[in-house]
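Here's a quick walk through the rings, the cores and the ligand site of this one. Have the viewer open and follow along.

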Amino acid sequence: MTEIIEAIKRASIEIKSIIEEGDTSKSDNQNSTGDTQLKLDIASDIVIENEFKKISSVKQIVSEEQENIVDINKDGKYLIAYDPLDGSSLVDVNLSVGSIYGIYENDFTGTNIIASVYVVFGPRVEMVIADGKSVKMYRLQKGEFNYIQDIKLNEKGKLKAPGSTQACWLPHHKEMVDKFFKDGYRLRYSGGMVPDLHQILLKGGGLFSYPSTTDLPKGKLRQLFEVFPFAFTYESAGGQAIDGFKRVLEIPTTHIHDTSPCFFGSNEEINIVKEAYKHNV
Ligand code: AFP
């Protein structure tokens, strides 16, 4: 595992330069979810793949930017699913973005995730590692990732990050979001899930939602690359991650690019979601 973390650190230092100096225009390619890839997505993906290819304990990798699983070492132990540059469309307006990694054993399913890592590229570069018991944050300072703090969610927070197209929200979802704001929650939503979820974690709690909508009944966010790694992080920090009804980590994955509705938050907010959703299967 240590060598995987070291590879992520090296890749992140290179991706930082790609973000700072790279071309933010679109490429001619689409990824398997149908998004047009930016040149930044492709460049970051190549950096990460090259790093993981050097590691003997890695069995397979799969990137949000690629169609298929890539075999690395047949005797390797770990499987890694990653989103090289989530929120890359925000780079041209100079908002924060991030890389997300889920580390699995045996197969790419939510129940087999054993660690998660994300890296936020903002005014500072921060890496957050969850191992099921704790969540630790490191900051890039003079070329080194230094330990800063453990992250623990409070039982209740103050922030609400409501994703997706509001015109496509289901009535019970809209009612629930309105109620959060009536109860004093403050809106925090940038359109990049890494900084948005990082903010909720560091400010003690709240709720991020990307629900089922009339245009996207299975949500937008991808299970292996976005939903499962952050679910693992939130649970490790003492919070919860559900699809409206049950733990997202218990949702079966039928295809590597499957998406799922998702809610990440501290316990009090997630219990409110369960209550709002329970009669609306
Ligand atoms: P991009 O990688 O295409 O910029 O999408 C970012 C993202 O996957 C995630 O980081 C955001 O939370 C979510 O999409 C935002 O989607 P909406 O704009 O539909 O709320």
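## Ring pairs, and the model

Rings of Phe, Tyr and Trp (taking the six-membered ring of Trp) count as a pair if their centres lie within 6.5 Å. With that rule in hand, there's a cluster to look at: Tyr118, Tyr189, Phe208, Phe230, Tyr234 and Phe264 are linked by ring pairs. Keep in mind that this is a predicted model.

Searching the whole structure turns up 13 aromatic pairs. Take Phe52 and Tyr101: their ring centres sit 6.0 Å apart with the planes at 80 degrees, so this pair is edge-to-face, given that planes over 60 degrees apart get that label. Phe52 belongs to helix α2 (residues 39–52) and Tyr101 to strand β6 (residues 97–105), so the pair ties together parts 49 residues apart in sequence. As for accessibility, both Phe52 and Tyr101 are buried.

Tyr234 and Phe264, two members of the cluster, make a tilted pair, at 5.8 Å centre to centre and 55 degrees between the planes. Here too distant parts of the chain get linked: Tyr234 is in helix α5 (residues 223–236) and Phe264 in strand β15 (residues 262–265), 30 residues apart. Buried or exposed, then, for Tyr234? Tyr234 has 0% relative accessibility, so it counts as buried. Phe264 is also at 0% relative accessibility and therefore counts as buried.

## Two nonpolar cores

The largest nonpolar core has 41 residues, and the ones touching the most other members are Tyr104, Met193, Phe208, Leu224, Phe230, Tyr234 and Phe264. Which element gives the most to this core? That's α5, with 8 residues. Both domains chip in: domain 1 (2–150) and domain 2 (159–277) each supply at least three residues.

Zoom in on Phe264 and leave out residues up to four places away in sequence: its contacts include Met193, Leu197, Phe208, Val227, Phe230, Tyr234 and Ile270. Gly206 and Gln240 are also among the residues that Phe264 touches. Another core, of 36 residues, lies apart from the largest one, and its members include Ile15, Ile72, Ile80 and Met127.

## Positive phi in two loops

Two backbone spots are worth a click. Asn94 isn't a glycine, yet its phi is positive, at about 60 degrees. You'll find Asn94 in the loop between β5 (78–86) and β6. With 71% relative accessibility, Asn94 counts as exposed because the bar for that is over 50%.

Lys142 is the other spot, again a residue other than glycine with a positive phi, this time near 50 degrees. Lys142 sits in the loop between β9 (135–141) and β10 (144–150). At 88% relative accessibility, Lys142 counts as exposed.

## Around the ligand

How many residues surround the ligand? There are 16, and the closest are Asp86, Tyr189, Met193, Tyr210 and Lys220. Some of these names have come up before: Tyr189 is part of the aromatic cluster, while Met193 is one of the residues touching the most other members of the largest core and also touches Phe264.

For polar contacts, start with Asp86, where a polar side-chain atom lies 2.5 Å from an oxygen atom of the ligand. In Tyr210, an N or O atom of the side chain is 2.6 Å from a ligand oxygen atom. Ser164 uses its backbone instead, with an N or O atom 3.1 Å from an oxygen atom of the ligand.

Methods. Residues are numbered from 1 along each chain as its sequence is written. This is a predicted model: local features need pLDDT of at least 70, side-chain atom pairs count only at pLDDT 80 or more; totals for chains, interfaces and linings use all residues. Side-chain values use heavy atoms; hydrogens and water are left out. Rings of Phe, Tyr and Trp (its six-membered ring) pair if their centres lie within 6.5 Å; planes under 30 degrees apart count as stacked, over 60 as edge-to-face and the rest as tilted. Helices (H or I, at least four residues) and strands (E, at least two) are DSSP runs, numbered from the N terminus. Buried means under 20% relative accessible area, exposed over 50%, partly exposed in between (1.4 Å probe, protein chains only). A nonpolar core is a set of buried Ala, Val, Leu, Ile, Met, Phe, Trp, Tyr and Cys residues joined through side-chain atoms within 4.5 Å. Domain bounds come from an automatic or database domain assignment. Contact means heavy atoms within 4.5 Å. A residue is near a molecule or strand if one of its heavy atoms lies within 4 Å of it. A polar contact is a pair of N or O atoms within 3.5 Å; within protein, one must be able to donate a hydrogen and the other to accept it, and residues adjacent in sequence count only if both atoms are side-chain atoms.
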